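Student: Could you take me through the inside of this model, the nonpolar core above the rest? I'd like one connected walk-through.

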Amino acid sequence: MPHTNPQSITAPSGPGKLGDALDPAAIQRYLGDLDDWLRGRRSELDQLDQAALAAGRGGELAGDMSLALALWKATADRYQLVLAAWDGGRVLAQDRERISGLIWGRLDGATELPGGLAVSLPEAGRLCDALTGQLRNRLALVPGADRSAARIRDLRAQLERIRDQIALEPATFRDASVQTLAGLLARLGDLTDRAERGADVGGLLGPLESEAATFERDLIVGNARRRDARDQILSARELRADLEAREAALAKLAATCVATVDPAPRYAVPDVDLLGPVPVTPDEIGGYLQRLDRVAQAMEHAQHAYSDALAEHAELVGLLDAYVAKASATGVADNPDLRASEEAARAVLARRPCPLSVARQMVTTYQTWLAKETAR
């Protein structure tokens, strides 16, 4: 079910940790929560983008909007791979270990994020939440004083997330972050007291929400950038492990596509083993990283091709369902020509592999019959 309050949407926490053979129930629950989040977050980002353009502030907010959309896209692409690797729950322990790699591995190999940002799937979701909150506040799309209590609750939850993020900070940076958090908590406590005494705190909540969103964003980005500054050899090993996990998931996606539709794309799934082991010398690691990047780009291109082919089949099924629903609503669904046309179209759509060109024509034929019958 879609969320009715976009501000209540937060990216789900990832199950387990990198290298775990994740619990199947936890994977299934995470995929369901992530699917809900992707739908709700994209809807809100579209609304915010339209509001920014309507207010003449599209250029001012373009940077944050682009980053938020890039993070959403990276999350959506990785969700697709995790879903393919999950394969409806038909997974062994080694498959569940690969899924943990897809969830907790770096996303920078799967999409182009600004500044070489290297984040995991859960981190990308949290960062997208922080950016969306910041955009929402800057556009003043937050309800008024009657929503103060709910906004205070959201702020308190956000500051607890910030507290968890600070625990990941290096000792040299942690004291300053702790002081900043203490200041935000003190201001929130003061606002809470004022609200409980009946004061209108709506005007004070906006700046605090904006500062908290910016602080959370900076913490996540800072932590990601410090990780990205590690030794290049470690980065190569991480990216290679991620590509191995993506290779297995992409192979399943390709097999599903070839079995489902005809014609299907015929892209070869890159074999990561052909790259050889990660070198340990400075002279060789740069070239190896470039080869890893080329493999990542080839995988992404193949993934989109196979996904688009499957999406077209799903769209044809949905389109036929919509036409049949319209026929039922107008009382012509039992017309012999329409019934025969529907049965023929469904038979073609159910074939494996389904001939897409024929399926398109069959759905169009049903639409033509429907137009004829409803025009009377």
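Tutor: Let's go straight to the largest nonpolar core, which has 43 residues, with Trp-37, Leu-71 and Ile-99 making the most contacts inside it. A nonpolar core here is a set of buried Ala, Val, Leu, Ile, Met, Phe, Trp, Tyr and Cys residues joined through side-chain atoms within 4.5 Å. Buried means under 20% relative accessible area, exposed means over 50%, and partly exposed is in between (1.4 Å probe, protein chains only). The elements giving two or more residues to this core are α1, α2 (62-86), α3 (93-104), α4 (121-138), α7 and α8 (232-260). Of these, α2 brings the largest share, twelve residues. There's also a second, separate core of 42 residues, and Ala-236, Ala-309, Leu-320 and Leu-370 are among them. As a rule of thumb, nonpolar side chains in soluble globular proteins tend to be buried together.

Before going on, a word on what you're looking at. This is a predicted model, so to speak of local features we need pLDDT of at least 70, and side-chain atom pairs count only at pLDDT 80 or more, while totals for chains, interfaces and linings use all residues. Residues are numbered from 1 along each chain as its sequence is written, and side-chain values use heavy atoms, with hydrogens and water left out.

Now the elements. The chain has eleven helices and two strands; these are DSSP runs numbered from the N terminus (helices H or I, at least four residues; strands E, at least two). Buried residues make up 45% of the 376 in the chain. Of the contacts with a separation of 6 or more, 78% link residues 24 or more positions apart, where contact means heavy atoms within 4.5 Å.

Take α1 (residues 24-54), one of the contributors to the largest core. Its end C-alpha atoms are 45 Å apart, which agrees with the 45 Å its 31 residues should span; the expected span is 1.5 Å times one less than the number of residues. At the N-terminal end, Asp-23 acts as a cap, with a side-chain oxygen 3.2 Å from the backbone nitrogen of Ala-25. That's a polar contact: a pair of N or O atoms within 3.5 Å, where within protein one must be able to donate a hydrogen and the other to accept it, and residues adjacent in sequence count only if both atoms are side-chain atoms. After α1 comes Gly-56, with a positive phi near 70°.

Over in α4 sits Gln-134, a polar residue to check out: it counts as buried at 9% relative accessibility. Leaving aside neighbours within four places in sequence, Gln-134 is in contact with Asp-64, Ala-213, Thr-214 and Arg-217. Pro-207 belongs to α7 (residues 202-228) and is partly exposed, at 40% relative accessibility.

Thr-192, in α6 (residues 171-196), is buried at 12%. Its side chain reaches the backbone oxygen of Leu-188 at 2.8 Å, and Thr-192 also touches Ile-152 and Arg-156, not counting residues up to four places away in sequence.

Finally, back to Leu-370, a member of the second core. In α11, Leu-370 is buried along with Leu-356, Ala-359, Val-363, Tyr-366 and Glu-373. These residues cover an arc of only 115° around the axis, so they sit on the same side of α11; the arc is that of the directions from the helix axis to the C-beta atoms.
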